[in-house]
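These are my notebook entries on one protein chain and its ligand. I set down what I looked up, entry by entry.

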Amino acid sequence: MAQEVRGVIAPGKNEPVRVETVVVPDPGPGEAVVKIQACGVCHTDLHYKQGGINDDFPFLLGHEAAGIVESVGDGVTDVAPGDFVILNWRAVCGQCRACLRGRPWYCFNTHNAKQRMTLTDGTELSPALGIGAFAEKTLVAAGQCTKVDPAVSPAVAGLLGCGVMAGIGAAINTGNVGRGDSVAVIGCGGVGDAAIAGSRLAGAAKIIAVDIDDRKLTTAREIGATHTVNSRETDPVEAIRELTGGFGADVVIEAVGRPETYQQAFYARDLAGTVVLVGVPTPDMKLDLPLIDVFGRGGALKSSWYGDCLPSRDFPMLIDLHLQGRLDLGAFVSETIALDEVEAAFERMHHGDVLRSVVVL
Ligand code: APR
Ligand code: ZN
Ligand code: ZN
């Protein structure tokens, strides 16, 4: 029997979001219905609302979530009703060329639930990133559910489902930050701060936080930055070089997604160092770099998709480290809010007032 729940809908381009009744079908083969306990508010939700992702309105927003599996469809063996899970938006297929080569974090054929959730009049909803978790319950592919230790608070756990994983993974997976490395992180929002936390976890000796907002630099220091640079006042490339013996950082993580900050990252790394782009640019942006510098400076220029994470490997491990007190994921939760406060949370996010607002159900 399909069930009716409350969920946050983006009805049309730039229209305010509103809580509506959502019809959630019973899980079909390979699917699961999850009772949502918490879901963070991410920039991508705002981009959906603004029509910046695609025009498939109405959207069911929300995708950084944790909850309890309520029911599963035929053939589901990895999760069972009652399991505490974090939802991921890259359920790997196991069969594409990346998976077959043993690199499932690059999976080129990730999947979502086959059935659609609807409004009560039958209008099909597009769940944000195939999740749609600003809702009491949601329907996903079972592979989107990753079991973790239920001792963790759901509000904290959900954040690993997107931005925080992207940042931590940019450092530990894509950037391969290691003991003793110097790291610079440009842009210290939720993603950049998570990259700082990841670099600290990996044993980086020096972590330089760069932002244009002093409030962000204060938080970055609390999370683990050893040095801060306000790039509105100081040339960040010069500053990072000065802080690294004149050479540049071993790994520079760009967590803004703009050509000028990418260029800073490119020149702020040491010879043979690594640049990781985890900030997401818009399609109109162009990069203009002397090709001789791309060659001459060597090293690696990498992009980080979802922190190049493998949810089944990374989510349980990071939750365990958090529970042991070695990774303070709680620092990323600025406030908890109710389902009908998402629109106001977008406003606060837009003004840079919060790292993450988290809807708690
Ligand atoms: N130089 C340095 N920092 C900047 C600059 C700049 N030119 N412009 C903006 N910033 C800072 C902001 O002050 C803010 O602290 O970058 C940070 C961006 O943080 P958020 O807006 O909170 O975004 P976040 O959720 O961290 O995501 C960052 O990663 O996943 C992507 O789509 C996401 O592109 C976005 C990026
Ligand atoms: Zn695959
Ligand atoms: Zn997100």
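Before judging how covered a helix is, I fixed the term: I call a residue buried if 20 or more other C-beta atoms lie within 10 Å of its own, with C-beta atoms placed from the backbone. I also note that the model is predicted.

**Entry 1: helix H5.** I applied that cut-off to helix H5 (190-201). H5 proved mostly covered, with 11 of its 12 residues buried. I listed the buried residues as Gly190, Val191, Gly192, Asp193, Ala194, Ala195, Ile196, Ala197, Gly198, Ser199 and Arg200. I then asked which elements the buried residues of H5 pack against. I found H4, strand E11 (182-186), E12, helix H6 (214-223) and strand E14 (249-254).

I also checked the length of H5. The expected span is 1.5 Å times one less than the number of residues, so the 12 residues of H5 should span 16 Å, and the end C-alpha atoms are indeed 16 Å apart, in agreement. After H5 comes Gly203, and I noted its positive phi, near 95 degrees.

**Entry 2: the shell around ligand 1.** I counted 25 residues around ligand 1, of which Gly187, Gly189, Val191, Gly257 and Val280 come nearest. I looked up which elements give two or more residues to this shell, and they are helix H4 (163-174), H5 and strand E12 (206-211). The largest share, 3 residues, comes from H5. Val191 thus appears twice in my notes: among the residues nearest ligand 1 and among the buried residues of H5. Sorting the shell by class, I recorded 10 nonpolar, 11 polar and 4 charged residues.

**Entry 3: a sheet.** I traced an open sheet of 5 strands in the order E7-E2-E1-E4-E8, with mixed pairing. Strand E7 (118-119) and strand E8 (126-127) are the edge strands, each pairing on one side only. I followed the pairing of E7 with strand E2 (residues 18-24), which is antiparallel over 2 bridges. Here Val23 stands opposite Thr118 in E7.

**Entry 4: the whole chain.** I counted 11 helices and 18 strands in the protein chain. The radius of gyration is 20 Å, close to the 21 Å that the globule rule gives for 361 residues, so I regard the chain as being as compact as a globular protein of that length. Along the principal axes, the C-alpha atoms fill a box of roughly 65 × 40 × 40 Å. I found that buried residues make up 51% of the 361 residues. Of the contacts with a separation of 6 or more, 70% are between residues 24 or more positions apart.

Notes
Residues are numbered from 1 along each chain as its sequence is written. Chains are lettered from A and ligands numbered from 1 in the order in which they are written. This is a predicted model: local features need pLDDT of at least 70, side-chain atom pairs count only at pLDDT 80 or more; totals for chains, interfaces and linings use all residues. Two strands pair if DSSP finds at least two bridges between them. Helices (H or I, at least four residues) and strands (E, at least two) are DSSP runs, numbered from the N terminus. A residue is near a molecule or strand if its C-beta atom, placed from the backbone, lies within 6 Å of it. Ala, Val, Leu, Ile, Met, Phe, Trp, Tyr, Cys and Pro count as nonpolar, Asp, Glu, Lys and Arg as charged, and the others, Gly among them, as polar. Two residues are in contact if their C-beta atoms, placed from the backbone, lie within 7 Å. The radius of gyration is taken over C-alpha atoms; the globule rule is 2.2 Å times the number of residues to the power 0.38.
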